[in-house]
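Subject: Structure handover

Hello,

Here is the structure I promised to pass on. Please open it alongside this note. My findings follow below.

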Amino acid sequence: MSLTDLVTKKSTDSTSAVQKPEKKWGTVDDLFRVWASSATGGPKDIIDSDLNISSNGSANDETAIITLVNDVFLNAFRHKSSDIHIEPREKNVKIRFRVDGNFISYKDLDLSYKNPLIARIKIMSYLRIDEHRLPQDGKINYKMFGGKTIDMRVSILPTIYGEKCVIRVLKKDERPPELKNLGIMPYNMVKLKAHLKDSFGMILAVGPTGSGKSTTLFSLLSQFDSEEKNISTLEDPVEYRIPGVNHTQINPAIKFSFAAGLRSLLRQDPDIIMVGEIRDEETAKLAVEASITGHIVFSTIHTNSAVHTIQRLVNLGVDPLLITSSLRAIVSQRLARKLCAECKVSYTPTDQVKEFVVGKVGKYIKDQENLTLYKAKEDGCDRCNHTGYRGRVGLYEVLEMSDKLEELVLRNASKTQLEIQAIWDGMVPIKEDAILKAVLGETSIEEILSVLGT
Ligand SMILES: [Zn+2]
């Protein structure tokens, strides 16, 4: 979809007619000052961009296979990959890493590597090496030189070209990022921080898979004093570890579901509860009940927008009256790739793009005439693996419940009505948050369009 289409679409957007109250955040320069003083950016270590370490020896040489697997793991960690994919194809075996949500191709191997490579990973994860027809799931605790252990979840699935292996790299012992480093703009940060002071109620992070919902919740959880409060979580899998927080891994295979865990957790005298995900009626009702009986409940729901979440809760069978009395705030989010600070390119946008940007976030921009935007450098640089992007930044919208919204929820109002009211109440739509981040040079218009679509 072209930006032209987008601009045309935007102008007919049903919510654009709503007159929003003036925000008190001033111009983009003011925002930038607050932003620059809080955001420190990602880690500064230099990533080795050599993606072509060759594996010596033949596929039949056991030592060569062990060395190859170690090479794959170490390079995946070095590139901060979330997943390692080993894919048998018709004529080769492809190994690629998912980094910041996108694939980096690591290696193409001869087909003779296919079976010994998968066999080696099966041995490491205690799976049956003689089973090739059924899917298998396992775990690897990979000991690094120096004593650090990295946990990996292994999934093996037969395909027409052989077994495909996907390894999820878990962030064992890793602390969640600090709240101030997530990319939450000041107008959203004040709202979230205010709700951390509530004595009860539910705060939800929503978005598709891989949008950073749990990371946001854990960064929020880290704001509490675990010595003063009993903080307990139910997770699948446990990704971060926060000192003083009781992390529990649920296990649906033995009927230890989120709902079962939540029932037990409520007998553990909790103050703050984090439920990994609400996806069924029982968990939804238990979570809502817990939040109106004196607990702060954090959870995630797989929905596309803040207002959509309210409807999802209704559809899950939660009484709208209970929703209005429990819900405090909904954070809807996506992750966008951050432009590489070393090589991003500034440019003067066309009149059409300028009109689009000013139309959405003009009230923040002092010098609209000389608007500058940034884009990824073609071929990037060594620091960004020649992609032009490095790390990711969250795009957010934060909906707070208000009396008017509660009324609308109880009247079973449409999503559009809820959205208009939420914006009237001060919610900055995720698109505006995203465009502001492009104006600040954090990401590009192209990236926003690819993440948010229309
Ligand atoms: Zn770069």
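Is Cys381 buried or exposed? Cys381 is buried: its relative accessible area is 17%, and the cut-off for buried is under 20%. Please keep in mind that this is a predicted model.

Zinc site

Cys381 is one of the residues that coordinate the zinc ion. The full set is Cys340, Cys343, Cys381 and Cys384, each through its SG atom, at 2.3 Å. The angles subtended by the four donor atoms run from 106 to 112°, so the arrangement is tetrahedral. Along the sequence, the donor residues follow the spacing C-x2-C-x37-C-x2-C. Cys384 is buried too, with 3% relative accessibility.

Overall picture

The protein has 454 residues, and 49% of them count as buried. Its secondary structure comprises 15 helices and 15 strands. The accessible surface is about 21,800 Å². Carbon and sulfur atoms account for 49% of that surface. Take the contacts between residues at least 6 apart in sequence: 67% of these join residues at least 24 apart.

The six-stranded sheet

Which order do the strands take? It is β3-β2-β1-β6-β5-β4, in an open sheet with antiparallel pairing. The edges are β3 (102-109) and β4 (136-143), and each of these pairs on one side only. From one strand to the next, the twist averages 20°.

Strand β6 (residues 162-169) has β1 on one side and β5 on the other in that order. With β1 (residues 83-88), β6 shares four bridges, and the two strands run antiparallel. Two of the residue pairs can be named. Ile84 has Ile167 in β6 as its bridge partner. His85 has Val166 in β6 as its partner.

The pairing of β5 with β6 is also antiparallel, over eight bridges. Met152 is bridged to Val169 in β6. The β5-β6 connection is a hairpin of two residues.

One helix lies across this sheet. Helix α4 (residues 114-124) spans β1, β2 (93-99), β3, β4, β5 (149-159) and β6. Relative to β6, helix α4 runs at about 45°.

An enclosed helix

How many of the eight residues of helix α7 are buried? Six are, so helix α7 (residues 258-265) is largely enclosed by the rest of the structure. The buried residues are Phe258, Ala259, Ala260, Gly261, Leu262 and Leu265. Their cover includes β8 (231-235), β10 (272-275) and α8 (281-292).

A buried leucine

Leu192 sits in helix α5 (residues 186-195). Leu192 is buried, at 2% relative accessible area. Which residues does Leu192 touch, leaving aside those up to four places away in sequence? They are Ile184, Leu220, Val331 and Val398. Leu192 also lies 7.7 Å from Ala329, C-alpha to C-alpha, although 137 residues separate the two in sequence.

Where to look

Start with the zinc ion and its four cysteine SG donors. Then go to β6, with four bridges to β1 and eight to β5. Then view helix α7 with β8, β10 and α8, which are among the elements covering its buried residues. Finish at Leu192 and its contacts, Val331 and Val398 among them.

Best regards

How values were computed. Residues numbered from 1 in each chain as written. Predicted model: local features only at pLDDT ≥ 70, side-chain atom pairs only at ≥ 80, totals over all residues. Heavy atoms only, no water. Pairing = 2+ DSSP bridges. Axes fitted to C-alpha atoms, helices over the stretch in contact; angles between N-to-C directions. Contact = heavy atoms within 4.5 Å. Donors = N, O, S within 2.8 Å, 3.2 Å for Na, K, Ca; no water. Tetrahedral: all angles 85-135°; square planar, octahedral: opposite > 155°, others 65-115°. Buried < 20%, exposed > 50% of the residue type's maximum accessible area, 1.4 Å probe, protein only. Areas by Shrake-Rupley, 256 points an atom, 1.4 Å probe, with all protein chains shown as cover.
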